[in-house]
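Here is a friendly walk through one protein model, meant to be read with the coordinates open beside it. We begin with the overall fold and then visit single residues.

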Amino acid sequence: MLVYIIMTILAVIFSALANNYKIKYKEGLNTQKKTKIDSGTILWYLSEMTLIIVAAIRYDVGQDYMYTYVPYFNGLLLGNINKNIEIGFRLLNEFIQFFSKDYIWIFIVCSVIFFHYIYKAIKEQSPMKTLSIFLLVGTTYYFVFLNTMRQMLAVAIFVYAIKFIKERKLLKYLIYMFVASTIHTSALILIPIYFLYGIKIKPMKAMIILLIAIAIKPVVTNVILKILEFTKYSYYIDSRFDTNETGFVVLAMNICVLVFALIYARTSQKSNIDSTADNMKIEEDKKYFFFCFLQLLSTLLAWYNDAIPLLNRIRWALGLPIIILIPLIIKREKNQNLRLLYTFVIVVLYTVYALYTVGINNANSVLPYTTIFQRGG
């Protein structure tokens with residue numbers, strides 16, 4: 001666990017230094033010449049590289065490492081094609097095999113791709129970038145990636161593509177979702193998310209939706225299970241993946257974040273002075289409401305997780321944007337002291353959560369951490 005703790009601290013420090021440098025750089029633009037190398041950018045990439053390196057050089061870390069990815073890579077070398085694996089991921093493996101027959105490269109390349117999109121999403125969408133980077137680890141989504149690498153690649157592409165939802169560029173969003181679906185088909189489920197943008201969410205209506213979903217859970221569950229029986233995912237029903245575990249900690253945390261978000265789900269007041277400023281506030285509200293919707297859906301899926309196998313995997317896609325939502329919530333608080341208090345509480349709670357979930361329960365089988373330099377033969 002020490003490796004992950006040090007990794008997180010370094011990534012957060014590099015990010016904080018990068019943001020601090022950019023602030024000072026902007027303040028001194030009138031008196032200083034722009035250098036050819038932006039030190040803030042270098043620090044930002046150092047933060048990203050810290051997370052990439054730990055993920056890239058791991059060996060037998062994550063349940064699916066030896067169970068799925070290594071056998072698949074080696075099988076392709078022998079001409080064995082698993083038709084259950086999407087074509088995009090197969091082509092990525094085959095492209096790597098053109099240069100190397102060592103399976104470690106699939107983990108290196110996937111780590112670079114995942115964090116490339118996550119960091120771009122954070123840089124472009126989060127008002128508190130350093131907190132978002134901490135939350136990537138604190139929410140344990142970092143460790144989910146170490147296990148279910150293929151699906152999380154698709155999720156990372158979705159989180160980045162949210163920018164096209166905000167910009168109302170449907171074609172670009174569809175292209176990114178299509179590419180993501182060639183890595184993991186579940187990305188196709190995220191296409192309708194595009195049409196949620198711009199819908200105002202009211203706290204009372206959100207809670208009513210949540211209560212109704214709770215009340216009709218047995219009916220919805222039966223319908224979905226009947227549908228699954230006619231799909232390729234039918235074998236998951238009553239399998240080892242159908243655990244009937246609710247995950248009350250995850251559910252409770254989702255509800256808390258949802259309530260926290262709804263408290264600040266108010267529309268900004270128009271100034272009636274500067275139309276440009278008014279338009280910016282309107283867009284900020286739309287963005288905020290959209291992320292609130294994602295959190296509402298994530299909470300609903302967390303509630304249904306015990307009844308429908310593998311539903312948790314869909315929740316990951318809608319849940320990962322929480323690393324951007326929480327900073328958005330904090331930034332809506334005008335009192336600086338309260339913002340600092342919120343940030344402190346969030347860091348403490350998610351630190352405890354990560355230490356318990358990963359450090360004690362070894363979620364996603366990421367302990368002990370070993371590297372490729374320790375593999376035999």
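How many helices and how many strands does the secondary structure of the protein come to? The count is 16 helices and 0 strands. Please keep in mind that this is a predicted model.

## Overall picture

The protein has 377 residues, and 49% of them count as buried. Among contacts with a separation of 6 or more, 78% are between residues 24 or more positions apart.

The largest nonpolar core holds 116 residues. Within this core, Tyr4 and Tyr142 have the most contacts. Helix α8, residues 149-166, gives the most to the core, with 14 residues. As general background, nonpolar side chains tend to be buried together in soluble globular proteins.

What does tyrosine 142 touch, once its neighbours within four places in sequence are left aside? Its contacts are Tyr4, Met7, Leu51, Val54, Ala55, Phe115, Leu136 and Val137. Tyr4 and Tyr142, the residues with the most contacts inside the core, are thus also in contact with each other.

## A helix pair

Now for the packing of two helices. Helix α3 (residues 63-77) and helix α4 (residues 87-97) have axes that come within 10 Å of each other and cross at roughly 65°. The crossing of α3 and α4 is right-handed. On the α3 side, the contact is made by Tyr69, Tyr72, Phe73, Leu76 and Leu77. On the α4 side, Phe89, Arg90, Asn93, Glu94, Ile96 and Gln97 take part. Sorted by class, the contact of α3 with α4 has 7 nonpolar, 2 polar and 2 charged residues.

## Buried residues and their contacts

Three residues from separate parts of the chain are worth a visit. For each of them, the contacts leave out residues up to four places away in sequence.

Serine 47 sits in helix α2, which spans residues 39-56. Is serine 47 buried or exposed? Serine 47 counts as buried, because its relative accessibility is 0% and the cut-off for buried is under 20%. Its contacts are Ala11, Phe14, Ser15, Tyr119 and Ile133. The C-alpha atoms of serine 47 and leucine 17 are 9.7 Å apart, with their positions 30 residues apart along the chain.

Threonine 148 is found in the loop between α7 (141-147) and α8. With a relative accessibility of 2%, threonine 148 is buried. It touches Asp64, Tyr69, Arg313 and Trp316. Tyr69, one of these partners, also belongs to the contact that α3 makes with α4.

Valine 366 lies in the segment after α16 (336-360), and at 0% relative accessibility it is buried. Which residues does valine 366 contact? They are Tyr4, Val61, Gly62, Phe143, Leu146 and Val358. Valine 366 and valine 61 are 305 residues apart along the chain, yet their C-alpha atoms are separated by 4.8 Å.

## Backbone details

Most residues other than glycine have a negative phi, and most peptide bonds are trans. Against that background, a few places in this model deserve a look. The peptide bond from leucine 367 to proline 368 is cis, with omega near -5°, and proline 368 belongs to the segment after α16. Two residues that are not glycine have a positive phi, and the table sets them out.

| Residue | Phi | Location | Relative accessibility |
|---|---|---|---|
| Threonine 140 | near 75° | loop between α6 (129-138) and α7 | 7%, buried |
| Serine 365 | about 55° | segment after α16 | 29%, partly exposed |

## Cysteines

How many disulfides does the count come to? The answer is 0 disulfides. In general terms, a disulfide is a covalent bond between the sulfur atoms of two cysteines. Two cysteines show opposite surroundings. Cysteine 256 is exposed, because its relative accessible area is 52% and the cut-off for exposed is over 50%. Cysteine 292, by contrast, is buried, with a relative accessible area of 0%.

Methods: Residues are numbered from 1 along each chain as its sequence is written. This is a predicted model: local features need pLDDT of at least 70, side-chain atom pairs count only at pLDDT 80 or more; totals for chains, interfaces and linings use all residues. Side-chain values use heavy atoms; hydrogens and water are left out. Axes are lines fitted to C-alpha atoms, for helices over the stretch in contact, and angles run from 0 to 180 degrees between N-to-C directions. Helices (H or I, at least four residues) and strands (E, at least two) are DSSP runs, numbered from the N terminus. A crossing is left-handed if the near helix is turned anticlockwise from the far one by less than a right angle, and right-handed if clockwise. Contact means heavy atoms within 4.5 Å. Ala, Val, Leu, Ile, Met, Phe, Trp, Tyr, Cys and Pro count as nonpolar, Asp, Glu, Lys and Arg as charged, and the others, Gly among them, as polar. A nonpolar core is a set of buried Ala, Val, Leu, Ile, Met, Phe, Trp, Tyr and Cys residues joined through side-chain atoms within 4.5 Å. Buried means under 20% relative accessible area, exposed over 50%, partly exposed in between (1.4 Å probe, protein chains only). A disulfide is a pair of cysteine sulfur atoms within 2.5 Å.
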